[in-house]
Amino acid sequence: QDWEQRQEEDTLLIERILLLVRNVLHVPPDPTEEQGVDGDASVHDRVLWALHISGMDDLLKFLASAQVEQQWALHVLEIISLMFRDQSPEELAALGQGTAGAEHGEDTRELETLRQRELAEKRAQALQRTSRHSRFGGSYVLQGLKSIGDRDVVFHKGLHNLKSYTHDLGKEPRRVPRHRQA
């Protein structure tokens, strides 16, 4: 509900819920009760996970960022400070950089393997394309046959067409009018 539509009971209920969450997070850790395996989640961590699963963390983010809900800002600030109670700022900063660096390195390796695979596929396709016919048959110099002037003939067709070579190759035949044809 918008704050304009809320009644006094709703406002009290919201405040009581925020105080309950604050008080639950405020309970100090008891090392004798929490004798678990190293790396096992503590009671505080399990409470935080339950808050995350229930969606309460999203509600707290909304209450902290909404302009119309400024009356709850100090309660939300207290809850957030209690959420980070056991962590030092140096550990949090190192944790964020460590995972980002590891993920970045992993992403870089993954991209490099994908790039190598793509280059290998391109090479394989380039080798397969060699079977395609090229329209360029080559240029050959026919020694012993003279073209116009003193130079040898340059032949631009394939060698299999060499037997049918004449000097008139590529020239338009002279048309003789019908009434003059033999």
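## Aspartate 57 and its surroundings

Let's start with one residue: aspartate 57 sits in helix α3, which covers residues 56-65. Keep in mind as you look around that this is a predicted model.

Aspartate 57 is buried, and yet no salt bridge is found for this residue. Why not? A salt bridge needs a side-chain nitrogen of Lys or Arg within 4 Å of a carboxyl oxygen of Asp or Glu, and the nearest side chain of opposite charge, lysine 61, is 4.9 Å away. Aspartate 57 does have a polar partner, though: its side chain and that of histidine 52 are joined by a polar contact of 2.8 Å. The two distances sit side by side here:

| Partner of aspartate 57 | Relation | Distance |
|---|---|---|
| Lysine 61 | nearest side chain of opposite charge | 4.9 Å |
| Histidine 52 | side-chain polar contact | 2.8 Å |

If you set aside the neighbours within four places in sequence, aspartate 57 is in contact with Leu51 and His52.

Now to helix α2, residues 43-54. With 12 residues at 1.5 Å each, this helix should span 16 Å, and the computed distance between its end C-alpha atoms, 16 Å, agrees. After α2 comes glycine 55, which has a positive phi near 90 degrees.

Stepping back to the whole protein chain, you will find five helices and two strands, in the order α-α-α-α-α-β-β from the N terminus. The chain has 182 residues, and 14% of them count as buried. It exposes about 15900 Å², with carbon and sulfur atoms supplying 55% of that area. Among contacts between residues at least 6 apart in sequence, 42% join residues at least 24 apart.

How values were computed:
Residues are numbered from 1 along each chain as its sequence is written. This is a predicted model: local features need pLDDT of at least 70, side-chain atom pairs count only at pLDDT 80 or more; totals for chains, interfaces and linings use all residues. Side-chain values use heavy atoms; hydrogens and water are left out. Helices (H or I, at least four residues) and strands (E, at least two) are DSSP runs, numbered from the N terminus. The expected span of a helix is 1.5 Å times one less than its number of residues. Buried means under 20% relative accessible area, exposed over 50%, partly exposed in between (1.4 Å probe, protein chains only). Lys and Arg count as positive and Asp and Glu as negative; His and the chain ends are not counted. A polar contact is a pair of N or O atoms within 3.5 Å; within protein, one must be able to donate a hydrogen and the other to accept it, and residues adjacent in sequence count only if both atoms are side-chain atoms. Contact means heavy atoms within 4.5 Å. Accessible areas come from the Shrake-Rupley method with a 1.4 Å probe; for residues, only the protein chains shown count as cover.
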